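Here is a short set of exercises to work through with the model open beside you. Try each task before reading its solution.

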Amino acid sequence: MSMTRRTMMRGAAQGALAAVLALGLGSMGLPGLVRAAVPAGGAAVEVWKAASCECCEGWVRHMRAAGFEVTVHTVDDVTPMKRIAGVPDDLASCHTARVGGYVLEGHVPADDVRLLLAERPQARGLAVPGMPQDAPGMDMGVGQPYQVMLFGGAGGPQVFARH
């Protein structure tokens, strides 16, 4: 089968993106990668989001106001990051982040992130599935309850917090 130059370049670009994302996920504890240090002043959060997503910006402001150091990576498609991070499809939201060796999916409140980092459960991370109207960054104030799910641990996803 012959490859066109375009096909070859597309494959090379996808491979390079995968390598960059994988190397950037070292603090998630993926095999063969080095864990990143968490700065003393506040936990470092890296978030991957689409340029057009305003609620993601609201969540970033929420995390910064809570004392987290946030680095934002704006991408055309967050789906590859979700796949690499191991986010189950049924727990997906609009942005994916990492902090202290864990994955954060969606509008996880800063207090729940602090609790996660203090307790250090054996899990991949926390998720707020979908886009609940009262979650940080959405801030619609309509009284919609939502759950924060712990995922990637023994026994499958389980409720970590209720809001």
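**Exercise 1. A strand pair**

Which residue in β7 is the bridge partner of Met 149? Find it, then describe how β6 and β7 are joined.

*Solution.* Keep in mind throughout that this is a predicted model.

Step 1. The bridge partner of Met 149 in β7 is Val 159.

Step 2. Another pair is found at Gln 147, which stands opposite Arg 162 in β7.

Step 3. The pairing of β6 with β7 is antiparallel and runs over 4 bridges.

Step 4. Together β6 and β7 make a hairpin, with 6 residues between them. In the turn, Gly 152 has a positive phi of about 85°.

**Exercise 2. From hairpin to sheet**

Work out the strand order of the sheet and name its edge strands.

*Solution.* Step 1. Begin with the inventory: the chain has 4 helices and 7 strands. Along the sequence they follow the pattern α-β-α-β-α-β-β-α-β-β-β.

Step 2. The open sheet has 7 strands in the order β2-β1-β3-β4-β5-β6-β7, and the pairing is mixed.

Step 3. β2 (69–75) and β7 each pair on one side only, and these are the edge strands.

Step 4. On average, neighbouring strands of the sheet are turned by 25° against each other, direction ignored.

**Exercise 3. Helices on the sheet**

Which strands does α2 lie across, and which does α4 touch? Give an angle for each helix.

*Solution.* Step 1. α2 lies across β1, β2, β3 and β4, and it runs at about 170° to β1.

Step 2. α4 packs on the sheet and touches β3, β4, β5, β6 and β7. The direction of α4 makes about 130° with that of β7.

**Exercise 4. The two sides of α4**

Sort residues of α4 into buried and exposed, and explain how the buried ones are arranged.

*Solution.* Step 1. α4 spans residues 110–119, and its Ala 110, Asp 112, Val 113 and Leu 116 are buried.

Step 2. Because these four cover an arc of only 160° around the axis, they lie on the same side of α4. The general rule helps here: an α-helix has 3.6 residues a turn, so residues three or four places apart point the same way.

Step 3. Asp 111 and Ala 118 are exposed on the other side of α4.

Step 4. The packing partners of the buried residues are α2 (54–65), β3 (96–99), β4 (102–105), β5 (125–127), β6 (147–151) and β7 (158–162).

**Exercise 5. The nonpolar cores**

How many residues are in the largest nonpolar core, and which of them touch the most other members?

*Solution.* Step 1. The largest nonpolar core has 25 residues. Those touching the most other members are Val 45, Trp 59, Met 63, Phe 68, Leu 104, Leu 126 and Val 148.

Step 2. At least two residues of this core come from each of β1 (44–50), α2, β3, β4, α4, β6 and β7.

Step 3. There is also a second, separate core of 7 residues, including Ala 85, Val 87, Leu 91 and Val 103.

Step 4. Now look around Val 148. Beyond residues up to four places away in sequence, Val 148 touches a set that includes Asp 112, Leu 126, Val 159 and Phe 160.

Step 5. For the chain as a whole, buried residues make up 42% of the 163 residues.

**Exercise 6. Three loop residues**

Place Arg 120, Asp 139 and Pro 129, and decide how accessible each one is.

*Solution.* Step 1. Arg 120 lies in the loop between α4 and β5. Its phi is positive, about 50°, although Arg 120 is not a glycine. Most residues other than glycine have a negative phi. Arg 120 counts as partly exposed because its relative accessibility is 37%.

Step 2. Asp 139 sits in the loop between β5 and β6. Asp 139 too is a residue other than glycine with a positive phi, near 50°. With a relative accessibility of 58%, Asp 139 counts as exposed, the cut-off being over 50%.

Step 3. Pro 129 is in the loop between β5 and β6, and at 28% relative accessibility Pro 129 counts as partly exposed.

Step 4. Leaving aside neighbours within four places in sequence, Pro 129 contacts Asp 90, Leu 91, Ala 92, Gln 147 and Met 149. The C-alpha atoms of Pro 129 and Pro 88 are 9.8 Å apart, with these positions 41 residues apart along the chain.

Key:
Residues are numbered from 1 along each chain as its sequence is written. This is a predicted model: local features need pLDDT of at least 70, side-chain atom pairs count only at pLDDT 80 or more; totals for chains, interfaces and linings use all residues. Side-chain values use heavy atoms; hydrogens and water are left out. Buried means under 20% relative accessible area, exposed over 50%, partly exposed in between (1.4 Å probe, protein chains only). The arc is that of the directions from the helix axis to the C-beta atoms. Contact means heavy atoms within 4.5 Å. A nonpolar core is a set of buried Ala, Val, Leu, Ile, Met, Phe, Trp, Tyr and Cys residues joined through side-chain atoms within 4.5 Å. Two strands pair if DSSP finds at least two bridges between them. Axes are lines fitted to C-alpha atoms, for helices over the stretch in contact, and angles run from 0 to 180 degrees between N-to-C directions.
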